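Trainee: I want to learn how to read a protein interface and a DNA-binding surface. Where do we start?

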There are 4 protein chains.
Amino acid sequence: MSSDNILDKIYEKSKLSNKETTKQQKIVEIAIKMFAEKGYANTSTSEIAKAAGVAEGTIFRHYGTKENLLMWVITPFLKDLIPVIAREFIEGIDKDAKSLEEFVRIVIQNRYEFINKNQDIFCIVVKEFLYKDVLIKEFIPYMSNYVLDFIYTTLDKFKASGEIIDLPNPVIIRMILTSVFGYFTMRFLLLKEYNISGKEEEIELLTRFISRGLKAP
Amino acid sequence: MSSDNILDKIYEKSKLSNKETTKQQKIVEIAIKMFAEKGYANTSTSEIAKAAGVAEGTIFRHYGTKENLLMWVITPFLKDLIPVIAREFIEGIDKDAKSLEEFVRIVIQNRYEFINKNQDIFCIVVKEFLYKDVLIKEFIPYMSNYVLDFIYTTLDKFKASGEIIDLPNPVIIRMILTSVFGYFTMRFLLLKEYNISGKEEEIELLTRFISRGLKAP
Amino acid sequence: MSSDNILDKIYEKSKLSNKETTKQQKIVEIAIKMFAEKGYANTSTSEIAKAAGVAEGTIFRHYGTKENLLMWVITPFLKDLIPVIAREFIEGIDKDAKSLEEFVRIVIQNRYEFINKNQDIFCIVVKEFLYKDVLIKEFIPYMSNYVLDFIYTTLDKFKASGEIIDLPNPVIIRMILTSVFGYFTMRFLLLKEYNISGKEEEIELLTRFISRGLKAP
Amino acid sequence: MSSDNILDKIYEKSKLSNKETTKQQKIVEIAIKMFAEKGYANTSTSEIAKAAGVAEGTIFRHYGTKENLLMWVITPFLKDLIPVIAREFIEGIDKDAKSLEEFVRIVIQNRYEFINKNQDIFCIVVKEFLYKDVLIKEFIPYMSNYVLDFIYTTLDKFKASGEIIDLPNPVIIRMILTSVFGYFTMRFLLLKEYNISGKEEEIELLTRFISRGLKAP
DNA sequence: CATGAATGAGACTTCATTCAT
DNA sequence: GATGAATGAAGTCTCATTCAT
C-alpha cells in the first residue's frame, strides 16, 4: 500500500526504476532535512555529501544539479498537495453531500496528516515558494480546469442554498486557502514547539472559524 | 509631518543625524528593491553597488556588513509594524467601544495602508522571517506586556458579552494574525498582479470573514 | 628512517594518511618559502596559488583557512623544537654526566642541525612569535613539568658542585635560551649571507661563551 | 634639556619646524601605541585616525603614506640607538679606562634606560626589522667607520692586555649585540609581565655573563 | 588646513560543478 | 557506479589613498 509519506514514495519510485542505491536514499533524506532546517540557499552540496556519507561527486552523478535535487524532492510533494485536495473535494462532496463545514473539516484533516507526515518538505516548499516563480508555475497546472469547474459549481450550489455568503468563487477559495495555509505555516514552521492544544481540537477550531466566516449573513 | 513610508523615515533620520549622502540614499533604495525582488541571500553587494552607481566599498563604509544593511532597512519597519497595531487596538477600542468587527476593520485598514506603502520591505521581512530566528527575537519584545494585558482584558470583555466565541486568548489572537498576515502575504507577495477586487471591498470581506469566524455560536 | 626536515615529515605524514597530492605538497612548499621570505601577513593566498600552479580554491579545500595553512606548517616544527631539546638534555646529561660545557655543546649542535635544515620554517616561527600569543600558548605546554623538573635538579647539581654560578634556575635557563636563540636568529635571519666563520667554529665559540658566562666566579 | 624619550623629541622637533598641531602629536602618539601592540601590518590608518580623534585624511595630509608615518616614528629611535652606543663606548672607555666589564655595564645601563623609555618604539622596530630590509639598510650607515675603527682598536687593546679572548672583532661585537638585544627582546617584548628580579640586578647579571663569556681562558 | 565620503584593488573564502581515476 | 581532488567564478569585506568641500 502506497504511503502518504513522500520519502517513502521517492524510495519506491527509485526502487522500481533503477536499482536505487542506499546512497541515493541517504542523499535525498539528508537533503530534505537540511533544506528544511537551513534553507536551500544556505545548504551546500558538500554538507549534504558529508552528512550522507557520500562523495560530493555522487550527488551530481545522480541529480546533475543542486537545483535538480531540490526539484526531485519537492515535485512529488507538490503533485500530491493540491490534486488530492481536489479529489478529496470532489469525493467528499459527492459521497456525503454534507455541509460546507463537514467538507472543510475533511479537507483540513486530510491535509493535516499529509503535511504532518512531510513537515520537512512542507518547510522547504513554503520557503522556496517565496523565491522561485518557477515553483508557482509548476504548481498551477495541477489545478486542472476540470477540478476548478467542479469546485466552482459546488460553491455555487452552496451559495444557492444560502449556506455560504454570495461572493465570487476565487475570493472564497482564496479565503479558505489563506486560512488553511496560514495556519499550517504557523503550525509547522513558526511555532513548531508551541503546542497550544491537541491536534483534533485545533482542526475543529479552524474548521469552525472558516465555515462560520463564510456563512451567509 | 512624518510619513508612513519607511524609506522616507530612513531618509529623514539620516538627514537629521549624519548629513546623509545621496549615495547612501541610493544604496538603501536599491537594496530594498533588490532584496524584495530576489531575496537577501540571492542579492550580492556588488549587484547593489552597480545598480546604485556606487563603489562596492562604499556600501561597507556606511553599513559595515551586508547583514547590517538588511537590518538598517528592516528595523524601522518592524518597530512600526506591531506597536502601532497595539496602539491602534487600544485606542480603537477605548474611544469607540465598538464591536469586534469595527475594531478588526480599523486595524486591517491601518495595516493595509502601512504595508501597501512599504510593500518591498514587507516582502523582505516575510522572506527573511522564515530563515532568521534573530528577526523573530527582535520582533517579540515590541509586543509589550502592557499591550498584551490590554488585549487580553478586551478579548475577555467581548467573550463575556457573548460577542465572540469562548476560546483561550492566544488561540483567538493567533487566528486573527494568521488570517490577516496570510491575506497580506497573498495580496502583496504571491498574487501581486491579480487584483481581484478593490482595496475597500477586500478589506471589508476580510473583516467580515474574521469577525464572523469568531462569533459565538 | 625519518628525516629531521619538517618538510619531509609533512610529506611522509600526508602520504601515509591521506594519499597526499602533488598539489598539496607544492602548496605547502611554496607557502613555507613565501611566508619565510615576506612574512605571513604580507603573503596572499592568491600569490601562493599562482606560484604553486594551483587554483586558489585548492588551498582552501585542503587547509580551510590561511591561518590553518600556517599552523600546518609550523606545528610539527614547534613540536620538535623544544621537546627534543629536553630529551637531548636529559639523555645527554644522563649518559655522560659531562660538564655543563659539554652539555651545552651537544644541545647547540643538535639544534643547529635542526634549524639549519628548517631555516625557512624557523624564519616563519620567529616572525610570527612576536605577533601571535596563540603560538606561545601552543608552545609552552610542550615544556612538560617532568622535563623542567629534571632540568632544575640538574642545574642544582651543577650549582652544588660549584661548576656554575648560583642563580635561580629560571634566570640561568633564560640566559642560555636568550643566547642560543639570539644567535640562531642572527645567524639564520638577519645575517644569512654573512658567513663569518665555519659552522663548527661558531658552535664552539657560542658554547664557550655561554659556559664561561655561567661559570662560578 | 632634551629628553631621552623619542616622543618628546618628535614633539620638540615638530614644534620648532612648523607650528605642530596637537593633532599631529596625537597621531604619532597613537600610531606608536598601536603599531607596538598589534604590529604595523595589522593596524589600519582608520583605526589610528579614530583613536587619535582625527579625520583619516589628516594622517595622509601630514605623512603622505602609512609607511611614511612608520618611518617618522622609527627613524629618530634608530638614529639614537646605535650612535649613542658608539659615543658612549668611546667616552666610557676614554674617561675611565676601566675594564671591559665596567664598559659593558655602562653601555647596558644606558641602553636599558633608553629602551625602557621607548618600549613601544622598540617593539615596533624589532618586529619590523624582521620584515623590512630597508630598515637594516637605513640602520647600518649610522655605524660610521670612525666609530667602528675606534671600537676595533679598543677591542684590540683589551685582547692585547689579555683581558678578553682573542677572536675577530666582528665576532666579539656580534656576541655582545646578540646577548644584549636578545635580552632586551625577551625583557621588553616576550616576557613583559614576568619580572624575575629588579632592574639593577638583571643588568648586573647580564653584564657579568657577557664579560665572563668573553674572558680569555 | 581639516574633513570624511568615496574609491577600487585586492584579500580571504565558499561552493557548485567537472573529471580523471 | 563512486570518488574526491581540483577548479574558478563569485561573494563578502578591508584598507590605503584621493579629493571635493
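Mentor: Start with the salt bridge: a side-chain nitrogen of Lys or Arg within 4 Å of a carboxyl oxygen of Asp or Glu. This is a predicted model, where local features need pLDDT of at least 70, side-chain atom pairs count only at pLDDT 80 or more, and totals for chains, interfaces and linings use all residues. Residues are numbered from 1 along each chain as its sequence is written, chains are lettered from A and ligands numbered from 1 in the order in which they are written, and side-chain values use heavy atoms, without hydrogens and water.

Trainee: How many salt bridges link chain B and chain A?

Mentor: Two. In one of them, B:Glu202 pairs with A:Arg174, with the closest N and O atoms 3.1 Å apart.

Trainee: What area is buried between chain B and chain A?

Mentor: Buried area is the accessible area (1.4 Å probe) that two parts lose on being put together, summed over both. Here it is about 3,200 Å², with 75% from carbon and sulfur atoms. On the chain B side, B:Tyr131, B:Arg174 and B:Phe209 lose the most area to chain A, together 24% of what that side buries.

Trainee: Now the DNA. Which residues come nearest to DNA strand E?

Mentor: A residue is near a strand if one of its heavy atoms lies within 4 Å of it. Of the 34 residues around DNA strand E, the nearest are B:Thr21, B:Arg61, C:Thr45, C:Lys66 and D:Thr58. Sugar and phosphate make up 67% of the strand E atoms that come within 4 Å of the protein.
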